[in-house]
Amino acid sequence: MSRSRGPGERAGLDTAQVVAAARLVVEEEGSPALSLRAVARRLGVAPNAIYSHIGNRDRLLDAVLDDVLGEVPQPSVATVLRDPVTALRSLMLDSYDVLVRHPRLMPSYLDRQGARGVQAQRLGSITTMALDRLGLDERAAHEATRVLIVNTIGFAAFSAPPSAPGERPISAAELRRNFEQALAWLLTAIAQSGPPRSTG
């Protein structure tokens, strides 16, 4: 005997479709427009069809923020082991570029202090591996990760297009150069904070 299906299943939805529709709402209308009802309207279903996949607006927003991080490529383990500083640099630069491509999400990254979920964990794991390779203990690695994330999100938010028309004093290209320099300074300090790394 077949089991009865929930409302989301009856609508033929899966979580990926719900998150994709939510991303469109945010990127076209901004974070304040995001709601389960707005996503349901976009998908042409009743709001209760969304609840079976995403329980509330906060979880939906977290899922969107995390989904965007799926666009960030991950350095290979070989690169991390061979040159952890280069791996961290690539990871932060790629994260910055992804964030800049989604300016309407920047207020939410700031409000939520980053992202949570599978993609955030994926990037966090490779960051932790690189910092461990540099010899940082757990506490120092946690602090270094936070500093790198805040620096990246902050610069990306500063680079977002203005909400009102007008000339900006700093160009996007100059801000990216500033970010690269700040990142270089941070990574140099982080690398020097750990004990000398064995080459063996």
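**Exercise 1. Arg116 and its contacts**

Find out which residues Arg116 is in contact with, leaving aside its neighbours within four places in sequence.

*Solution.* Keep in mind as you work that this is a predicted model.
- Step 1: Locate the residue. Arg116 sits in the loop between α8 and α9.
- Step 2: Skip the neighbours within four places in sequence, and you're left with Asp62 and Asp66 as the contacts of Arg116.
- Step 3: Check a distance in the same part of the model. Arg116 and Leu61 are 55 residues apart along the chain, and their C-alpha atoms are separated by 10.0 Å.
- Step 4: Decide how much of the residue is open. The relative accessibility of Arg116 is 42%, and the partly exposed class lies between 20% and 50%, so Arg116 counts as partly exposed.

**Exercise 2. Another arginine**

Work out whether Arg23 is buried or exposed, and list what it touches beyond four places away in sequence.

*Solution.*
- Step 1: Place Arg23 on the chain: you'll find it in helix α2, which covers residues 15-29.
- Step 2: Read off its relative accessible area, 14%. Buried means under 20%, so Arg23 is buried.
- Step 3: Now look for partners. Not counting residues up to four places away in sequence, Arg23 touches Val64, Asp67, Val68, Glu71 and His102.

**Exercise 3. An odd backbone angle**

What is the phi of Gln113, and where does this residue sit?

*Solution.*
- Step 1: Start with the usual case. Most residues other than glycine have a negative phi.
- Step 2: Compare that with Gln113, which isn't a glycine but has a positive phi of about 55°.
- Step 3: Find its spot: Gln113 is in the loop between α8 (106-111) and α9 (118-133).
- Step 4: Check its accessibility. The value for Gln113 is 71%, and exposed means over 50%, so Gln113 counts as exposed.

**Exercise 4. Two helices side by side**

Describe how helix α7 and helix α11 pack, and which residues make the contact.

*Solution.*
- Step 1: Mark the two helices: α7 spans residues 84-100 and α11 spans residues 172-193.
- Step 2: Get the geometry. They pack at an angle of about 150°, with their axes 10 Å apart.
- Step 3: Turn the angle into a word. Anything over 145 degrees counts as roughly antiparallel, so that's what α7 and α11 are to each other.
- Step 4: Add the handedness: α7 passes α11 in a right-handed crossing.
- Step 5: Pick out the residues. On the α7 side you have Val85, Leu88, Arg89, Met92, Leu93, Tyr96 and Asp97, and α11 brings Leu175, Arg176, Phe179, Glu180, Leu183, Leu187 and Ala191.
- Step 6: Sort them by class. This contact of α7 with α11 has 10 nonpolar and four charged residues, and no polar ones.

**Exercise 5. A leucine in α11**

Which residues does Leu186 touch, not counting those up to four places away in sequence?

*Solution.*
- Step 1: Locate Leu186 in helix α11.
- Step 2: List its partners: Val147, Leu148 and Asn151.
- Step 3: Look at one of them, Leu148. It's 38 residues from Leu186 in sequence, and 7.6 Å away in space, C-alpha to C-alpha.
- Step 4: Classify Leu186. At 22% relative accessibility, it counts as partly exposed.

**Exercise 6. The whole protein**

How many helices and strands does the protein have, and what share of its residues is buried?

*Solution.*
- Step 1: Count the elements: there are 11 helices and zero strands.
- Step 2: Turn to burial. Of the 200 residues, 37% count as buried.
- Step 3: Look at the surface. The accessible surface comes to about 11,300 Å², and 54% of it belongs to carbon and sulfur atoms.
- Step 4: Finish with the contacts. Among those with a separation of 6 or more, 75% are between residues 24 or more positions apart.

Terms used. Residues are numbered from 1 along each chain as its sequence is written. This is a predicted model: local features need pLDDT of at least 70, side-chain atom pairs count only at pLDDT 80 or more; totals for chains, interfaces and linings use all residues. Side-chain values use heavy atoms; hydrogens and water are left out. Helices (H or I, at least four residues) and strands (E, at least two) are DSSP runs, numbered from the N terminus. Buried means under 20% relative accessible area, exposed over 50%, partly exposed in between (1.4 Å probe, protein chains only). Contact means heavy atoms within 4.5 Å. Accessible areas come from the Shrake-Rupley method with a 1.4 Å probe; for residues, only the protein chains shown count as cover. Axes are lines fitted to C-alpha atoms, for helices over the stretch in contact, and angles run from 0 to 180 degrees between N-to-C directions. Angles under 35 degrees count as roughly parallel, over 145 as roughly antiparallel, 65 to 115 as roughly perpendicular and the rest as oblique. A crossing is left-handed if the near helix is turned anticlockwise from the far one by less than a right angle, and right-handed if clockwise. Ala, Val, Leu, Ile, Met, Phe, Trp, Tyr, Cys and Pro count as nonpolar, Asp, Glu, Lys and Arg as charged, and the others, Gly among them, as polar.
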